[in-house]
Structure formats: structure tokens, C-alpha cells
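Here are some short exercises to help you read a protein model step by step. Try each task yourself before you look at the solution.

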Amino acid sequence: MSEAELATLAAILAAMIRAATPLVFAALGELVTERAGVLNLGLEGMMLMGAVAAFGTAHAGAGHGAAMAAGAAAGVGMSLLFAFLALGLRANQVACGLALSIFGVGLSAFVGKSLVGTPIAALPALPIPLLSEIPVLGPALFSHDILVYASILAVPAISWFLFRTRAGLVLRAVGENHDAAHDIGYGVLKVRTLAVMFGGAMAGLAGAYLSLAYTPMWVENMSSGRGWIALALVVFATWVPVRALMGAYLFGGVTILQLHAQNWGVPVSAQILAMLPYLATIVVLVLISRDETKIKLNAPACLGKVFHSGR
Amino acid sequence: MSVPVPPPRLALKGITKRYPGCLANDGIDLAVMPGECHALLGENGAGKSTLVKIVYGVLQADEGEILWEGEPVRIDNPAAARKLGIGMVFQHFSLFESMTVTENVALGTGDPSPLPELGRRVAEVSARYGLALDPERRVADLSVGERQRVEIVRCLLQDPKLLIMDEPTSVLTPQEAEALFETLRRLIAEGRSILYISHKLAEIRVLCEAATVLRGGRLAGRCDPRRETAASLARLMIGADLAPPVREEGTAETGAPRLVVDRLSLAPLVPFATPLADISFTVRAGEIFGIAGVAGNGQAELLGTLSGETLVAVPEAIRIDGEAVGQMGPRRRRERGMGFVPEERLGRGAVPDMSLADNALLSAHKAGGMLKRGLIRFSRARSFAEKVIDTFHVAATGPGAAARSLSGGNLQKFIVGREILQNPRLLIVAQPTWGVDAGAAAAIHRDLIALAEGGTAVLVVSQDLDELFAICDRIAVMSHGRLSPAQPARATSVEQIGMLMGGVFHLDGESRNAEA
């Protein structure tokens with residue numbers, strides 16, 4: 001391969017990782033939320049609010065750190081709204097989640113009206129010394145911004161929390177059998193609220209990544225369905241963090257490849273190519289769903305069920 | 001000089017708990033001494049579970065006082081109860097199926113020590129009290145008896161002074177129950193107290209030295225169960241004498257075969273399901289055929305194939321009146337005279353949020369003539385539901401009452417009644433009296449017997465051996481997806497059935513009888 005071709009390959013790999021990063025954040029957050037037994041379909045809304053809050057903060061001149069924090073905080077705020085309805089008032093989780101998504105789309109567009117078309121400085125890349133010098137792999141893997149690194153490190157961290165710590169055990173217990181957890185004396189609603197808030201923060205970061213790094217600008221509805229894909233990825237991953245990462249990279253990979261395929265002039269219509277990532281996700285999802293054992297072993301048994309304490 | 005009498009380990013004074021529209025506990029007094037096994041007796045809905053949940057801090061009393069070793073205490077949550085030294089084994093286990101034994105213990109004790117160390121202690125305690133358990137196994141793979149051991153070990157690890165057991169034997173084989181009693185006796189000998197909830201009078205009489213009886217949320221009496229008879233305890237518990245069902249010596253042997261199951265096998269459809277292997281039996285007209293066994297041995301799967309919810313590959317494996325029905329769904333089987341009462345009342349036996357009339361319509365539309373050219377004749381559905389309510393003494397506000405609003409026993413009477421009034425030629429009933437109090441249970445038993453005497457073939461699948469022995473002509477046992485040969489109920493002992501429940505099919509029943 002020529003030097004130019006190697007550089008292209010590195011660029012494609014790097015682009016795949018960038019495309020996958022918002023999905024990693026959102027899916028991991030939702031995974032923790034669902035492990036606690038709460039189905040929050042409001043990812044899309046939380047991501048958009050995170051994106052607009054992060055962008056607005058950066059645009060106002062605050063640093064990137066503050067912008068990321070604002071994105072996460074906006075996600076948490078939206079998730080608290082969900083927690084109030086679905087946990088506090090015991091409303092139907094599916095309906096609340098859908099409402100939250102629709103609400104987030106509208107509210108972010110409203111809040112971000114004056115931000116459309118304004119520029120900000122993109123989140124800078126932080127090449128890792130030495131590692132980033134490696135040919136091809138260096139620019140592909142080790143020359144990203146802080147959020148990309150954080151999304152990857154979040155996978156072992158969340159796995160460790162869920163499967164190695166006492167708090168993670170309690171969280172899974174609440175998702176598995178909320179009545180038993182309550183009888184033993186755990187605060188089901190407290191655990192769930194915290195899990196929902198974590199999911200909100202991660203969705204907010206996913207949004208922040210979109211508007212600060214992926215395409216450093218604000219466009220209405222800029223998450224363009226990634227929240228829904230992330231939801232599918234959680235099932236795809238059978239609620240195991242490392243599989244969520246793999247799923248996100250698969251989706252990101254197909255997204256980027258089909259873009260390049262369009263460039264290379266593959267004789268397939270662009271619309272069909274644009275469908276490919278979604279199609280790939282559906283196909284893998286169907287294949288995974290065929291293995292009921294895997295799903296049954298990992299799926300939180302109380303997912304989406306309303307908890308009544310005074311049973 | 002007299003030895004000072006120690007204060008009771010636990011004393012309740014005037015405990016009252018109100019729910020909207022009902023008084024669950026009304027001024028209950030109770031005292032449990034150190035080293036005492038104290039029975040808490042009562043029908044379903046008598047307030048036993050509410051009372052112990054108050055002791056364990058799951059619920060709070062509206063009035064009254066709790067004294068722990070003579071000192072007034074507040075028990076705000078289960079953690080506070082555990083801190084005092086109160087442990088509880090729930091009737092519906094509070095276990096997490098996808099987790100290991102050790103993880104479950106860690107969750108239940110709040111013990112912060114690392115899991116491997118906890119696992120060692122689980123092994124140690126289970127060995128000391130004869131409760132065989134593998135700490136690394138996933139709870140989903142354990143039998144019901146083993147799951148209960150997890151609960152008990154979880155309590156014992158906290159060295160409790162008072163252990164509350166909520167109907168512990170309702171899910172055990174007789175042998176498992178006997179092993180449990182041994183463990184409990186060992187605990188009492190160590191000076192621990194046990195508060196033992198049950199409505200099985202026989203076991204209370206062998207295990208407990210004091211009893212408090214509740215009825216309708218009130219204190220009905222106190223007694224020493226060793227000095228009472230089962231009948232006198234029952235009278236105290238129910239407030240009236242019970243007429244036990246009488247099954248006449250039947251002519252069942254001669255009836256025509258109604259339901260024939262012939263070498264039925266079924267691979268598991270979902271994880272944790274039991275495969276069915278080579279099941280054969282015949283239920284004859286006028287006969288009550290019982291299938292015993294601990295839950296999870298394939299009964300649910302067998303019932304699915306019989307009801308038509310699961311179709312079987314070989315149609316001839318299930319025959320109704322000689323006709324192969326293995327590939328027919330529930331509706332076509334009903335058309336051939338089959339009635340079916342599933343184990344889950346809410347959700348499968350009845351739609352919780354629909355009225356009784358609508359629920360009658362669901363299974364009886366054909367027999368009750370409730371449809372006309374595809375349109376519903378609501379008046380017929382209503383009158384059918386009314387007839388069920390009247391005939392079977394269902395306590396409900398009327399055919400418009402939501403199924404959910406009925407108590408378990410009343411809903412069961414309604415569902416059984418709905419099937420019986422369709423004059424089935426074959427009735428399949430799962431757990432007919434699960435969670436139903438003694439009065440309603442006796443009524444359901446009488447109805448089933450009357451149905452059989454009218455020539456219907458009745459198949460009863462139950463975990464309750466007393467029930468099967470009371471009403472069945474022949475009994476077979478399911479274990480690990482296999483069915484034992486059927487035994488005439490009169491010529492069989494509870495012990496024999498218990499052996500079969502443990503999966504020992506090839507034991508020679510005759511020689512055991514001779515030894516006994």
C-alpha cells in the first residue's frame with residue numbers, strides 16, 4: 001500500500017471510532033439504567049438537550065470542560081423529569097420515555113434557535129505521546145479527543161462497577177426483582193433514580209460529543225436517531241457493556257464505510273447505502289434475539305415494570 | 001429464691017394496621033420466649049403476613065408497641081430488624097434468580113466482606129446445619145427446597161435470635177420438610193426463637209410449643225398446639241367446623257378413557273424450562289387423577305401441552321375421546337369438551353382488569369351461547385357470570401366487578417365455577433386451592449368431586465399432597481420431566497409419594513409397605 005492509502009485507512013478507522021463514540025456513551029448509560037429495571041426511551045431527547053447545552057456553553061465562551069459538564073447536567077435534568085414521572089408518579093415508562101424524546105427534540109430546537117450557524121472551536125485532539133507515533137494505528141486510535149478516550153475507559157469502569165462492586169450488585173438486584181430487593185430493605189426508587197440520572201448524564205455527554213467534537217456546530221435534531229440506535233444496541237449487547245461497545249463500533253463502522261462507498265462510486269443508490277447501518281443493526285439484533293438463553297440470563301427481569309412499595 | 005423469668009424475646013402489644021377499606025391487624029398481642037418455637041396460625045387474609053412484616057420492618061404499625069427483650073423498640077426497616085437479631089424467610093422467596101447463591105446472601109445480609117470470603121462462610125454454615133448448598137451456583141438452577149436453604153442460610157449468617165418462617169413447607173416435599181424440621185429443632189436447641197407461620201396443623205403440632213391464632217385480623221386465641229387436636233385447632237382458626245370432602249369408593253376404573261397421553265415428549269422451549277420425557281397416562285370418565293410434584297419439574301410444560309397453548313409434534317400423543325388433539329389449539333380442544341383452570345389466576349385464568357362477565361365470555365362464549373353471528377350477547381354473559389357467582393358462593397359485588405378486585409380464593413371459585421358450569425367432559429385443573437383458605441378449598445374440592453361423580457374426567461395438578469389424597473382416585477408424580485406410574489390413592493402413603501417426588505421411581509412400593 002502506498003503512503004497515501006495508509007493515511008486514508010487510518011482516517012477511515014479514526015472516523016469509525018468518532019461515529020461510534022456518541023453511541024457508546026448513550027448505550028452505556030441506558031444499559032446501566034435498564035440494569036436497574038428502568039426503560040428510558042428518552043435517550044434522543046436527553047442527547048439533544050445535552051448537545052444544545054454543551055454547544056451553548058462553549059459558544060458563550062466558557063471552556064470545553066464547562067461545556068461538557070453542561071451537556072451532562074442537561075441530560076441529568078431531563079432524566080430527572082423522567083424519574084419524577086415514571087418513578088415518582090409511577091407513570092408508564094414507555095409513554096414517559098417517548099414523551100421525553102419528543103419533548104427534547106422540540107425544546108432543544110427552541111433553546112438553540114439563536115445558535116444555529118454560529119461557530120465554536122472544536123474539542124481539541126489529545127494525541128497520546130509515543131502511541132500516536134505508530135504508523136496507521138497511531139492516527140487511527142491514539143489521536144482523539146478526551147471524550148473518545150473517556151467513552152472507551154467507561155466500558156471497563158462500568159463492567160467493574162456492575163459485576164465487581166457491592167453497589168453494582170444492589171443495582172442489578174433492583175432490576176432483577178424489585179419486590180425482593182424492597183423486602184430485604186433496599187431503596188428501590190433511590191437506586192433507580194440514581195441509575196436514571198447516570199443514564200441521563202451519559203446521554204448528555206453523547207450529545208455534547210456531537211456538538212463539540214463530531215460536528216462542532218448546532219443543528220436542529222442533530223442526533224438524527226442515534227438515541228434510538230443506542231437503545232437497540234443495549235438489547236443487541238444483551239446488557240453487557242463490552243458488547244455494547246462492539247455494537248456501537250459495528251454501527252459506526254458501517255456508517256463510515258457506506259459514506260466512503262458513496263465516494264468511491266459504488267453503483268448502488270445513496271439512499272440504499274445510507275440505510276445500511278440501520279439494516280446491519282436490525283440484522284444483528286434479530287440474530288442475537290434468536291439466542292433466548294443469553295437474553296434471559298442477562299435481561300433485567302423487572303425491566304419496565306412499575307414498582308409499588310406497599311404491595 | 002426463684003430464678004427471675006426472662007422477658008419475652010419479642011412482645012407485641014396492641015398492634016393495629018389499617019389498609020383502605022380493611023383492618024389487617026386489630027390490636028394483636030403476641031409474645032415469643034427465648035428458645036421457643038411459636039406458631040402463628042390463621043387462614044389466608046387473617047393478617048399473619050401483615051403482622052410479621054411489621055415485626056420485620058417491611059411495614060409500619062399504625063398503633064401498638066413492639067418490645068424486644070423487654071425494651072420498647074422502633075423497627076423502621078428490615079435493616080433495623082436484622083440489627084436487633086431478627087431474620088425472616090419469606091414465603092415468596094426474595095431471591096434474585098440470575099445471581100449466585102453467594103451474591104444473594106451478600107444482598108440479603110448487607111455483609112460488606114468480599115464475596116469469596118462470604119462464599120466460604122455460606123459453605124461453613126450450610127454444613128453446620130445440614131443445609132447442603134453450593135455457593136457458586138446460580139439460583140435459577142436450584143430446586144425450590146434449595147432456594148429455601150439459601151434464604152435460611154442467609155438469615156443464619158447474621159446469627160439471629162428470632163427467625164420468622166412464613167409458610168416454609170408449602171413448597172417442600174415431605175422429606176424436605178422433615179429435614180427442615182431437624183434444622184429448626186437444632187436452632188431452637190441453641191436458644192434461638194422461631195416464629196412459625198403456617199396453616200398446616202399437623203406440622204405445627206409436632207414442631208411448636210405455643211401458638212397464637214388469628215382470624216379476620218383479630219386475635220382468636222392462644223394455645224399449646226401439642227395439647228390440641230387438628231380439629232380443635234382448625235375450629236379456632238376458621239371459627240367453624242370444617243366438613244372434609246368425601247370421595248366415595250368410585251367406579252372410576254371402569255369408565256371410558258377420556259384423556260389419553262401417550263409417550264409425550266417435549267424439548268424445552270425457553271431457558272430454565274424442564275423437558276418432558278415419555279409421559280403416558282390415562283384419565284377415565286368419572287375419575288379424579290392427580291399429578292403431584294414439586295413445582296418446576298415439568299408441570300407447567302405438561303399443562304401447556306394439555307391446554308393447547310403448546311402444540312406437540314405428534315398429534316396422537318394427546319387424545320381426547322380417542323381423537324388426536326396434539327396439534328389443536330385451546331379453542332378447538334374446548335369445543336371437544338375440555339375445561340381448563342390454569343395455575344395463574346390473574347393473567348391466564350382471568351383478565352385482571354375485565355369484569356367477571358367479560359371473563360366468563362372469554363372461556364364460556366361457546367357453551368354459554370354468548371355469541372350471535374360474531375356479536376356479543378352481553379345479557380347472556382352477565383347472567384352466566386351471575387349464575388357462577390350464585391352457584392359457587394363467590395363473594396363479589398356482581399358480574400360487573402373487576403376480576404382483580406376479588407380475593408384469591410373467591411376468584412379461584414369463580415374460575416373453577418365458570419369451567420364447571422360449561423359441563424366439561426374433561427376438566428384439567430392446576431393448583432385448584434393454591435392460596436385459597438380452608439373454607440373455600442373445601443368448597444372447591446366438593447365441586448370437583450361432584451363433577452367427577454357426574455361422569456367428567458378430572459385431572460388435578462397440585463403440589464399439595466393432602467389435597468390430592470383427599471380427592472383423587474389415582475396419583476402419579478412428576479419429577480424432572482418424567483411421570484411415575486399412577487398409584488391408587490387409597491393404597492399409597494404420603495411417604496411413598498414423597499419418595500417419588502424425589503425422583504425415585506423404581507422403588508418397590510409393596511416391600512416398603514410391608515416394612516412399615
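**Exercise 1. Following a strand and its partners**

Find the residue of β9(B) that is the bridge partner of His38(B), then work out which strands pair with β3(B) and in which sense.

*Solution.* Keep in mind that this is a predicted model.

Step 1. The bridge partner of His38(B) in β9(B) is Ala210(B). Move along to Ala39(B), and you find Ala211(B) as its bridge partner in β9(B).

Step 2. Count the links: β3(B) and β9(B), which covers residues 210–215, are joined by 4 bridges and run parallel.

Step 3. Now look for another partner. Strand β8 of chain B (residues 193–198) also pairs with β3(B), over 5 bridges and in the parallel sense. One of the pairs here is Leu40(B) with Ile197(B).

Strands of a sheet pair through backbone hydrogen bonds, and the pairing is either parallel or antiparallel.

**Exercise 2. Buried or exposed?**

Decide whether the residues of strand β3 of chain B are buried or exposed, and sort them by face.

*Solution.* Step 1. A residue counts as buried when 20 or more other C-beta atoms lie within 10 Å of its own. In β3(B), residues 37–41, 5 of the 5 residues are buried, so the strand is largely enclosed by the rest of the structure.

Step 2. In a regular strand the side chains alternate between the two faces of the sheet. For β3(B), one side holds Cys37(B), Ala39(B) and Leu41(B), while His38(B) and Leu40(B) are on the other. Both faces of β3(B) are covered.

**Exercise 3. A hairpin**

Describe how β9(B) goes on to β10(B), and find the residue with a positive phi in the hairpin.

*Solution.* Step 1. Strand β10 of chain B spans residues 218–223, and 5 bridges join it to β9(B) in an antiparallel run. Leu214(B) and Leu219(B) are bridge partners in this pairing.

Step 2. The hairpin has 2 residues between the strands, and Gly216(B) takes a positive phi near 55 degrees.

**Exercise 4. An open sheet**

Write down the strand order of the open sheet of 4 strands in chain B, and name the strands at the edges.

*Solution.* Step 1. The order is β12-β11-β14-β15, with antiparallel pairing.

Step 2. The edges belong to β12 (276–284) and β15 (323–324) of chain B; each has a single partner strand, so one side of each is left without a neighbour in the sheet.

Step 3. Zoom in on one pair: β11 (residues 257–266) and β14 (residues 318–320) of chain B are antiparallel over 3 bridges. Leu259(B) stands opposite Ile320(B) of β14(B).

**Exercise 5. Two helices from two chains**

Work out how helix α7 of chain A and helix α3 of chain B are arranged, and which residues make their contact.

*Solution.* Step 1. Two packed helices are described by the angle between their axes and the distance between the axes. Here α7(A), residues 166–176, and α3(B), residues 101–109, pack at about 95 degrees with axes 10 Å apart.

Step 2. Angles of 65 to 115 degrees count as roughly perpendicular, and α7(A) and α3(B) are therefore roughly perpendicular to each other.

Step 3. From α7(A) come Arg166(A), Leu169(A), Val170(A) and Ala173(A); from α3(B) come Glu103(B), Ala106(B) and Leu107(B). Sorted by class, the contact has 5 nonpolar, no polar and 2 charged residues.

Step 4. Step back to the whole contact between the chains: 14 residues of chain A and 18 residues of chain B take part. On the side of chain A, α7, α8 (178–184) and α13 (292–298) each supply at least two residues. The most come from α7(A), with 5 residues. The side of chain A that touches chain B divides into 6 nonpolar, 3 polar and 5 charged residues.

**Exercise 6. One residue in its surroundings**

Locate Met197(A) and list the residues it touches.

*Solution.* Step 1. Met197(A) sits in helix α9 of chain A, residues 188–214.

Step 2. Met197(A) is buried, because 21 other C-beta atoms lie within 10 Å.

Step 3. Leaving out residues up to four places away in sequence, Met197(A) touches Val76(A), Ser79(A) and Leu80(A). The C-alpha atoms of Met197(A) and Phe82(A) are 9.4 Å apart, although 115 residues separate the two along the chain.

Key: Residues numbered from 1 in each chain as written. Chains lettered and ligands numbered in written order. Predicted model: local features only at pLDDT ≥ 70, side-chain atom pairs only at ≥ 80, totals over all residues. Buried ≥ 20, exposed ≤ 12 C-beta atoms within 10 Å, placed from the backbone. Contact = placed C-beta atoms within 7 Å. Axes fitted to C-alpha atoms, helices over the stretch in contact; angles between N-to-C directions. Parallel < 35°, antiparallel > 145°, perpendicular 65-115°, else oblique. Nonpolar A, V, L, I, M, F, W, Y, C, P; charged D, E, K, R; others polar. Pairing = 2+ DSSP bridges.
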